[in-house]
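Dear colleague,

I am passing on a structure that you have not worked with before, and I would be glad if you could look through it alongside the notes below.

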Amino acid sequence: MMEFPPFIASKMGMDPVLTSGILATLLEEAAKAHPLECCGLLLGQGARVEEARPAANVHPDPARHFEIDPAALIVAHRAARGGGPQVLGYYHSHPTGLAEPSATDRAMASGDGRIWAIVAGSGVQLWRDGADGFQPLPLRLAAG
């Protein structure tokens, strides 16, 4: 059985909360990147996503796949270790697909318990990348 980092394991029963501003950022980033996939990090504390931080999509075929710039991941994880916001998950868009994990997403997932937000069209769906695959999560919004 996979072990989750303590900050993830303690959140497994908690549904993430996004602000309306975070939701707007996700939709804006997807629209700006179209027809390519956008991607980035979901940062925050506990179950509350406090920031959607855009990152470069460095995949060689960004129209069909995404790969978050490793430098952005390193910076975020170092900041988290230093007391900054935790890396709660990731986001990316499916410019011509559905807001659900693709076969490629499923193959690339690590099962680490983090949140994946997938943007498609005018919708966003949240998923938990668990040891048994992706599980849908409710989209809970807070003011902000």
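How many residues lie between β5 and β6 in the hairpin that they form, and which residue in the turn has a positive phi? Please bear in mind that this is a predicted model. The hairpin of β5 and β6 has two residues between its strands, and Gly-121 in the turn has a positive phi of about 60°. The two strands run antiparallel and are joined by six bridges, with β6 comprising residues 123-130, and within this pairing Trp-116 stands opposite Trp-127 of β6.

Strand β5 deserves a further look, because six of the six residues in this strand, which covers residues 115-120, are buried, so that the rest of the structure largely encloses it. Its two faces are both covered, with Ile-115, Ala-117 and Val-119 buried on one side, and Trp-116, Ile-118 and Ala-120 buried on the other. Besides pairing with β6, β5 also pairs with β4 (residues 86-93), here in the parallel sense and over five bridges. Within that pairing, Val-119 in β5 is the bridge partner of Ser-93. Between β4 and β5 the chain passes through helix α4 (residues 103-108), and the β-α-β crossover made in this way is right-handed.

Turning to the helix α2, you will find 14 residues at positions 20-33, and the distance from the first C-alpha to the last is 20 Å, close to the 20 Å expected at 1.5 Å a residue. Ile-22, Leu-23, Leu-26, Glu-29 and Ala-30 are the buried residues here, and because they cover an arc of only 130° around the axis, they sit on the same side of α2. As a general point, an α-helix has 3.6 residues a turn, so residues three or four places apart point the same way. The face of α2 turned away from the buried side carries Ala-31 and Lys-32, which are exposed.

Lastly, Cys-38 is found in the loop between α2 and β2 (39-45), and it counts as buried because its relative accessibility is 5%, where the cut-off for buried is under 20%. If its neighbours within four places in sequence are left aside, Cys-38 is in contact with Glu-29, Ala-30 and Ala-33, and also with Tyr-91, His-92 and Ser-93. Ser-93 is thus a residue to view twice, as a contact of Cys-38 and as the bridge partner of Val-119. Gly-111, by contrast, is 73 residues from Cys-38 in sequence and 21 Å from it in space, C-alpha to C-alpha.

With kind regards

Notes:
Residues are numbered from 1 along each chain as its sequence is written. This is a predicted model: local features need pLDDT of at least 70, side-chain atom pairs count only at pLDDT 80 or more; totals for chains, interfaces and linings use all residues. Side-chain values use heavy atoms; hydrogens and water are left out. Helices (H or I, at least four residues) and strands (E, at least two) are DSSP runs, numbered from the N terminus. The expected span of a helix is 1.5 Å times one less than its number of residues. Buried means under 20% relative accessible area, exposed over 50%, partly exposed in between (1.4 Å probe, protein chains only). The arc is that of the directions from the helix axis to the C-beta atoms. Two strands pair if DSSP finds at least two bridges between them. A crossover is right-handed if, with the strands pointing away from the viewer, the path from the first strand over the helix to the second runs clockwise. Contact means heavy atoms within 4.5 Å.
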